Amino acid sequence: MATFKLDNRAARRLWLTVNHLMASPATQGDSLALVKALGFVQLDSIQVVSRAHHHILWTRDHSYREPDMNDLLGPKRQVFEHFTHDASILPMEFLPIWARQFQRMKDKVGSAKWFGNSITPQLLDHILRRISDEGPLSTRDFDTKITGDKAMWKRPPHKQALDYLWYAGELATSHRVGFTKFYDLAERVFPADLHAQRLEDPMQIDQLCSHAMDRLGVASAVEIRKFWDATEPREVTDWIKGQGQRRGQGQGIIPIEVESWDGSWTKAFAPADIESRVENLPSVTSRLRILNPFDPAIRDRKRLKRLFGYDYTVEMFVPAAKRVWGYYVYPILEGDRFVGRIEVKAERAKNSLNVVNLWFEPDVSPTQARLKKLDTELRRLTGLAGVRDVIWLCLRP
């Protein structure tokens, strides 16, 4: 059988479809359904317009508001927080396949000496005992001090110990106030039936890889592993080999080739029904969206460049003098193309969303139709930011 070849435009449409960016945003959506569909949503504390997790969900559902996240995490217990490639929220139903990640992260932060010698058994026992007796606590409820050199990223022992117990799955995020995390015993946060469920490690790997494949559409072994960052390269390779038996039944995954933006081809894997999935892709929308820098559609910069020819870097940790674009610059997606990038900032004291800079890609013209769509998206963004006016601080094309 000839290898299926996925042309670049179909590959872009498939990627945007699995990321829920092809259709117009919902106006009466289901935040939990979105988290499940995406697999996870990255958390980030930086608030230029709105924090990343809020912006990511709002981009796909304009009825979303920031308190919705607290409802999912807190009283409803429908999501939990843990570490994929970074701190993220995940559907609570994924808890049984996340047991191995709790152990992996416990081993990683313990053996890699992330925290030096600051964490002692006595400190861990003290923290667990206090939370057991007093209920959810935050880092502000402890007062250990940094000793020795006060390097930029060095933190007090109690913060390191709380993180260690959180990585290990012994503590869990109970709720947040603003962005302040409150820790509680895992058994008091996680639903008892899910917390008690035990899956054999091969089953966890199988489900993690399968869920990743569904949310990637097409992917290499490296991309499957990187999606959750909860498996090892050999585990993913063995999983792919095991798909051979399922292929005979019209299931599993198959090897394909995917066209890059520059016309080159790369090898990848796709679900066995990839042809049907491509045939049923929705038509290309003309919608223009301003995406968050941590949006899952652009998280893998290599994949982004390969599929779209869009070179994007987050520069908030780059010294100001060395930045090419700016501190917090948002990609602009129009239809199935990335057409530019924009630097905007909410100034809540003045009730405004300020446009600091705007750049279109070299092959993109700032037509009146395109600028009109940008103006419309900026007005929508004021609703997320909780401000009224759009103010251009740079020259509007």
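Pro 282 touches Arg 13, Thr 17 and Met 22, once residues up to four places away in sequence are left out; contact here means heavy atoms within 4.5 Å. Its place is the loop between helix 13 (274–279) and strand 9 (288–290). Helices (H or I, at least four residues) and strands (E, at least two) are DSSP runs, numbered from the N terminus. Pro 282 and Thr 17 sit 265 residues apart in sequence, yet their C-alpha atoms are 7.8 Å apart in space. At 35% relative accessibility, Pro 282 counts as partly exposed. The cut-offs are under 20% relative accessible area for buried, over 50% for exposed, and partly exposed in between, with a 1.4 Å probe and protein chains only.

A quick note on the model itself. It is predicted, so local features need pLDDT of at least 70 and side-chain atom pairs count only at pLDDT 80 or more, while totals for chains, interfaces and linings use all residues. Residues are numbered from 1 along each chain as its sequence is written, and side-chain values use heavy atoms, with hydrogens and water left out.

**Other links across the sequence**

Leu 128 belongs to helix 6 (residues 121–134). Leaving aside neighbours within four places in sequence, Leu 128 is in contact with Leu 165, Glu 170, Leu 171 and Leu 185. Leu 128 is partly exposed, at a relative accessible area of 21%. From Leu 128 to Leu 162 it is 34 residues in sequence and 9.1 Å in space, C-alpha to C-alpha.

Leu 162 and Leu 165 are both among the buried residues of helix 7. How much of helix 7 (residues 157–167) is buried? That helix is mostly covered, with 10 of its 11 residues buried. The buried set is Pro 157, His 158, Gln 160, Ala 161, Leu 162, Asp 163, Tyr 164, Leu 165, Trp 166 and Tyr 167.

Asp 193, in helix 9 (residues 192–196), counts as exposed at 57% relative accessibility. The C-alpha atoms of Asp 193 and Pro 96 are separated by 9.6 Å, with their positions 97 residues apart along the chain.

**Two helix pairs**

Two packed helices are described by the angle between their axes and the distance between the axes. Axes are lines fitted to C-alpha atoms, for helices over the stretch in contact, and angles run from 0 to 180 degrees between N-to-C directions.

Take helix 10 (residues 201–216) and helix 11: their axes come within 9 Å and cross at roughly 105°. The two are therefore roughly perpendicular; angles under 35 degrees count as roughly parallel, over 145 as roughly antiparallel, 65 to 115 as roughly perpendicular and the rest as oblique. Helix 10 brings Leu 208, Cys 209, His 211, Ala 212, Met 213, Arg 215 and Leu 216 to the contact, and helix 11 brings Glu 223, Ile 224, Phe 227 and Trp 228. These residues split into 8 nonpolar, 1 polar and 2 charged. Ala, Val, Leu, Ile, Met, Phe, Trp, Tyr, Cys and Pro count as nonpolar, Asp, Glu, Lys and Arg as charged, and the others, Gly among them, as polar.

Within helix 11 (residues 221–228), Glu 223, Ile 224, Phe 227 and Trp 228 are buried. Seen down the axis of helix 11, they fall within an arc of 120°, so they line one face of the helix. That arc is taken over the directions from the helix axis to the C-beta atoms.

The other pair is helix 3 (residues 52–60) and helix 15 (residues 368–385), which pack at an angle of about 130° with their axes 11 Å apart. That makes helix 3 oblique to helix 15. On the helix 3 side, His 54, His 55 and Trp 58 meet Glu 377, Arg 380, Leu 381 and Leu 384 of helix 15. The tally for this contact is 3 nonpolar, 2 polar and 2 charged.

**Positive phi**

Most residues other than glycine have a negative phi, and most peptide bonds are trans. Here are some residues with a positive phi.

| Residue | Phi | Place |
|---|---|---|
| His 20 | about 55° | loop between helix 1 (8–18) and helix 2 (31–38) |
| Arg 77 | near 55° | loop between helix 4 (67–73) and strand 3 (79–83) |
| Gly 169 | about 80° | just after helix 7 |
| Asp 229 | about 55° | just after helix 11 |

His 20 is partly exposed, with a relative accessible area of 37%. Arg 77 also counts as partly exposed, at 21% relative accessibility.
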